[in-house]
Amino acid sequence: MAVERVSGVVDAEFSYEEGSGVVTYDTEETDPGAFIDELKDKTGFVATVVPTPGTTSAAKEEQR
């Protein structure tokens, strides 16, 4: 998966059916902008950060 190739991304899970995904990452190595750009570049999907309780952040993907 393209997002998992970004340095600092620990885990990434996406559901095409739900149109969403969760990315776990090391805040000292990367930021959402880096893996969101990679997702868009490699797949064409556009993502936004959606804060979720109890986690650093999550990215929701939306197909253009």
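**Exercise 1.** State which residues Val-10 touches, not counting residues up to four places away in sequence.

*Solution.* The contacts of Val-10 (heavy atoms within 4.5 Å) are with Thr-24, Tyr-25 and Asp-26, once residues up to four places away in sequence are set aside. The model is predicted, so local features need pLDDT of at least 70 and side-chain atom pairs pLDDT 80 or more, while totals for chains, interfaces and linings use all residues. Numbering starts from 1 along each chain as its sequence is written, and side-chain values use heavy atoms, leaving out hydrogens and water. Next, place the residue: Val-10 belongs to strand 1. Strands and helices are DSSP runs numbered from the N terminus (E, at least two residues, for strands; H or I, at least four, for helices). Then take one distance: the C-alpha atoms of Val-10 and Asp-26 are 6.9 Å apart, with their positions 16 residues apart along the chain. Last, check exposure: Val-10 has 59% relative accessibility and is therefore exposed. The classes are buried under 20% relative accessible area, exposed over 50% and partly exposed in between, with a 1.4 Å probe and protein chains only.

**Exercise 2.** Give the order of the elements along the chain, starting from the N terminus.

*Solution.* Count first: the chain has one helix and four strands. Read from the N terminus, they follow the order β-β-α-β-β. For the pairing of the opening strands, strand 1 and strand 2 run antiparallel and share six bridges; two strands pair if DSSP finds at least two bridges between them. Ala-12 has Val-23, in strand 2, as its bridge partner. The hairpin of these two strands leaves four residues between them, and Gly-19 in it has a positive phi near 70°.

**Exercise 3.** Describe Ser-20 by element, accessibility and one C-alpha distance.

*Solution.* Ser-20 is a residue of strand 2. With 22% relative accessibility, Ser-20 is classed as partly exposed. Its C-alpha atom is 9.9 Å from that of Thr-48, which is 28 residues away along the chain.

**Exercise 4.** Find the aromatic pairs and classify each.

*Solution.* Apply the rule: rings of Phe, Tyr and Trp (its six-membered ring) pair with centres within 6.5 Å, and planes under 30 degrees apart are stacked, over 60 edge-to-face and the rest tilted. Two aromatic pairs result. In the pair of Tyr-16 and Phe-45, the ring centres are 6.3 Å apart and the planes stand at 75°, so this pair is edge-to-face. Because Tyr-16 sits in the loop between strand 1 (9–15) and strand 2 (20–25) and Phe-45 in strand 3 (residues 45–49), the pair ties together parts 29 residues apart in sequence. Tyr-16 is exposed at a relative accessible area of 55%, whereas Phe-45 is buried at 16%. For Tyr-25 and Phe-35 the ring centres are 5.1 Å apart and the planes are at 55°, so the pair is tilted. Since Tyr-25 lies in strand 2 and Phe-35 in helix 1 (residues 32–43), this pair joins parts 10 residues apart in sequence. Both Tyr-25 and Phe-35 are buried.

**Exercise 5.** List the residues of the largest nonpolar core and say which element gives the largest share.

*Solution.* A nonpolar core is a set of buried Ala, Val, Leu, Ile, Met, Phe, Trp, Tyr and Cys residues joined through side-chain atoms within 4.5 Å. The largest one holds 11 residues: Val-3, Val-6, Val-9, Ala-12, Val-23, Tyr-25, Phe-35, Ile-36, Leu-39, Phe-45 and Ala-47. Two or more residues each come from strand 1, strand 2, helix 1 and strand 3. Helix 1 gives the largest share, three residues. To follow one core residue outward, take Ile-36, which touches Ala-47, Thr-48 and Val-49 when residues up to four places away in sequence are not counted.

**Exercise 6.** Decide whether Thr-30 is buried or exposed, and locate it.

*Solution.* Thr-30 is in the loop between strand 2 and helix 1. Its relative accessibility is 9%, so Thr-30 is buried. Beyond residues up to four places away in sequence, Thr-30 touches Val-6, Ser-7, Gly-8, Val-9, Tyr-25 and Phe-35.

**Exercise 7.** Identify the salt bridge and its residues.

*Solution.* The criterion is a side-chain nitrogen of Lys or Arg within 4 Å of a carboxyl oxygen of Asp or Glu. One salt bridge is present in the structure. It joins the side chains of Asp-41 and Lys-42, at 3.7 Å from N to O. Asp-41 is exposed, at 57% relative accessible area.

**Exercise 8.** State what percentage of the residues in the chain is buried.

*Solution.* Of the 64 residues in the chain, 33% are buried. Among contacts with a separation of 6 or more, 33% link residues 24 or more positions apart.
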